[in-house]
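Student: Could we go through this structure together? I would like to learn why certain words are used for certain residues.
Tutor: Happy to! Here is the molecule to look at.

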Amino acid sequence: MVGIYETQQFKKFFDNFDTMYECAELFIGRRINELEEQQKVQSHHSSEAQSHHSSEAAEGDKAGFFEFLLSSGKLTKDDLLASVIDVLFAGVDTTSNTMQWMLYMMAKNPDKQDILRHEVLSVLGDTTLATPTTLAQMPYLKAWVRETLRLYPVLSGIPRLPAKDLILSGYLIPEGKAQVEFLTYYMGRDEKVFEDAEAFKPERWLRKKDGTLTEAVEAFSSIPFGFGTRMCLGRRIAELELHLLLARIVQQFEISYPPDAENVEPFMRGVTIPDRALRVQFVDRQSVLN
């Protein structure tokens, strides 16, 4: 029975993978066609190329992720497919699990949930969808995501091979021969860096008028996405998804936690997941108001 179940699960997994590849190929083909059509239109206006030069340069500066990869001229179609698949596949478990933790924090911190809701409703009201402009007006919402990732980073550690010899705490780490692990989970819970580190306090990440963080020692004290050239490729996409979804949930629901439900602890299984099912309750705000 177990063998049959595992076979079915593997089949479902690979079927889903095939679907993702098909979607990625459709996207790539469609986008290439769109870019080719744009080039044809531009060629018809070659006589005006000089006058449009500055505007085209400005558009190039704002090129999207796919356009950036395509414009390099160094990637094959298979390379492009792999890049798009990486973004799609890596963004499934990561953002969904982080969203679970965000809901759990809402349920366990009703007073802070009220602060979050007040901010969201003061900017968006009950029905308006968030945009990049309105998200910029909601620092507490962004701080909520950042504080959740401090306590429950997607990956508990980030491995790196040093590009040159390093001396860390008196130990020689030879170039390219020893792996260094950034323990993001323990970094985020270090009492030397964060006062009352086990407590959920989004206000740590709010900035004062002089630009300094309210409580967090520095921005690099928590780096769940890594940093630099090897930073998570999908960071901006993941953050945008989490910000938009959190804002929409706050508009429509109050999140509570059953008093008889057990507390949830983090469990490391590739990504940081809850060690048991989350029993958060979604209460329709309209029913509460009425």
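Tutor: Let us begin with Ser-169, which sits in the loop between β2 (166–168) and β3 (171–173). Keep in mind that this is a predicted model.

Student: Why is Ser-169 called exposed?

Tutor: Exposed means over 50% relative accessible area. Ser-169 has 74% relative accessibility, so it counts as exposed.

Student: And what makes the phi of Ser-169 worth a remark?

Tutor: Most residues other than glycine have a negative phi. Ser-169 is not a glycine, yet its phi is positive, about 50 degrees.

Student: Which other residue has a positive phi without being glycine?

Tutor: Asp-196 does, with a phi near 50 degrees. You will find Asp-196 in the loop between α8 (184–188) and α9 (235–252).

Student: Why is Asp-196 called partly exposed?

Tutor: Partly exposed covers what lies between the 20% limit for buried and the 50% limit for exposed. Asp-196 has a relative accessible area of 43%, so it is partly exposed.

Student: What does UniProt say about Cys-232?

Tutor: An unreviewed UniProt entry places the feature "binding site" at Cys-232. That annotation may be inferred rather than shown by experiment. In the model, Cys-232 is in the loop between α8 and α9.

Student: Is Cys-232 buried, partly exposed or exposed, and how do you know that?

Tutor: At 35% relative accessibility, Cys-232 counts as partly exposed.

Student: What about Tyr-186 in helix α8: why is Tyr-186 put in its accessibility class?

Tutor: Set its value against the limit: exposed means over 50%. Tyr-186 has 57% relative accessibility and therefore counts as exposed. Tyr-186 is also 10.0 Å from Tyr-152, C-alpha to C-alpha, while the two are 34 residues apart in sequence.

Student: Which residues gather in the patch of negative charge on the surface?

Tutor: They are Asp-18, Glu-22, Glu-25, Asp-78 and Asp-79.

Student: What makes this patch negative?

Tutor: Asp and Glu count as negative, so a patch of these residues is a negative one. α1 (2–44) and α4 (77–108) each supply at least two of the residues, and α1 gives the most, with 3.

Student: How do you know that Glu-25 is accessible enough for a patch?

Tutor: Patch residues need over 30% relative accessible area. Glu-25, found in helix α1, has 42% relative accessibility, so it passes that limit and counts as partly exposed.

Terms used
Residues numbered from 1 in each chain as written. Predicted model: local features only at pLDDT ≥ 70, side-chain atom pairs only at ≥ 80, totals over all residues. Heavy atoms only, no water. Patch = residues over 30% accessible without salt bridge, like charges linked within 9 Å, V, L, I, M, F, W, Y side chains within 5 Å. Areas by Shrake-Rupley, 256 points an atom, 1.4 Å probe, with all protein chains shown as cover. Salt bridge = Lys/Arg side-chain N within 4 Å of Asp/Glu carboxyl O. Charge placed at Lys NZ, Arg CZ, Asp CG, Glu CD. Helix = DSSP H or I, 4+ residues; strand = E, 2+ residues; numbered from the N terminus. Buried < 20%, exposed > 50% of the residue type's maximum accessible area, 1.4 Å probe, protein only.
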